[in-house]
Amino acid sequence: MSDYEPIACALHDQFEAAAVTGATVTLRWPGQDAPYVGRVLDIRVRDGAEYLVLEGDRTIRLDRIELVRRG
């Protein structure tokens, strides 16, 4: 069983919109030296958890993201 914690629907909707439009976002998650700035390419489900697929061949679990800015 996964320890994934579903995120708020409104935030999930923002991620979906960013994926559909290819919007640039600023994200931060634990272990980063600096925020990630780039485009959201897709949202995928794997092993019971949801992930953002980002430019630069990066994937981050949605419930790990601490900071989100669009644009």
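In the predicted model, strand 3 and strand 4, the latter spanning residues 58-61, pair in the antiparallel sense over four bridges, and within this pairing V53 stands opposite T59 of strand 4. The hairpin that these two strands make has three residues between the strands, and G56 adopts a positive phi near 80° there. On the other side of the register, strand 2 (residues 36-46) is joined to strand 3 by six bridges, again in the antiparallel sense, with V45 placed opposite E50 of strand 3. Strand 2 and strand 3 likewise form a hairpin, here with two residues between them, and D47 in the turn has a positive phi of about 55°. Strand 3 itself, which covers residues 49-54, has five of its six residues buried and is therefore largely enclosed by the rest of the structure.

These pairings belong to an open sheet of five strands, arranged in the order 4-3-2-1-5 with antiparallel pairing. Strand 4 and strand 5 are the edge strands, each of them pairing on one side only, and the twist from one strand to the next averages 40°. Strand 1 and strand 5 run antiparallel and are joined by four bridges; in this part of the sheet, L67 of strand 5 is the bridge partner of R28. Helix 1 packs on the sheet, where it touches strand 1, strand 2, strand 3 and strand 5, and its direction makes about 110° with that of strand 2.

The largest nonpolar core comprises 19 residues, and those with the most contacts inside it are F15, L27, V40, L52, L54, L62 and I65. Two or more residues are given to this core by each of helix 1 (9-21), strand 1 (24-28), strand 2 and strand 3, with strand 3 supplying the largest share, namely four residues. For I65, the contacts beyond four places in sequence are with F15, L27, R28, W29, L52 and I60.

One aromatic pair is present in the structure. It is formed by W29 and Y36, whose rings are tilted, with a separation of 6.1 Å centre to centre and an angle of 40° between the planes; the tilted assignment follows because planes under 30 degrees apart would count as stacked and planes over 60 as edge-to-face. Both partners are classed as buried: W29 has a relative accessible area of 13%, and Y36 has one of 7%, the class being assigned because such values are under 20%.

A charged side chain is also found over an aromatic ring, as R46 lies over the face of Y51 at 4.2 Å from the ring centre. A further arginine, R64, is located in the loop between strand 4 and strand 5 (67-70), and its C-alpha atom is separated by 9.4 Å from that of Y51, the two residues being 13 apart along the chain. R64 is partly exposed, with a relative accessible area of 36%, a class that applies because the value falls between the limits of 20% and 50%. When residues up to four places away in sequence are not counted, R64 touches D3, R28, W29 and P30. W29, a member of the aromatic pair with Y36, is thus in contact with R64 and also with I65.

How values were computed:
Residues are numbered from 1 along each chain as its sequence is written. This is a predicted model: local features need pLDDT of at least 70, side-chain atom pairs count only at pLDDT 80 or more; totals for chains, interfaces and linings use all residues. Side-chain values use heavy atoms; hydrogens and water are left out. Rings of Phe, Tyr and Trp (its six-membered ring) pair if their centres lie within 6.5 Å; planes under 30 degrees apart count as stacked, over 60 as edge-to-face and the rest as tilted. Buried means under 20% relative accessible area, exposed over 50%, partly exposed in between (1.4 Å probe, protein chains only). A charge sits over a ring if NZ of Lys or CZ of Arg is within 6 Å of the ring centre and within 35 degrees of the ring normal. Two strands pair if DSSP finds at least two bridges between them. Contact means heavy atoms within 4.5 Å. A nonpolar core is a set of buried Ala, Val, Leu, Ile, Met, Phe, Trp, Tyr and Cys residues joined through side-chain atoms within 4.5 Å. Axes are lines fitted to C-alpha atoms, for helices over the stretch in contact, and angles run from 0 to 180 degrees between N-to-C directions.
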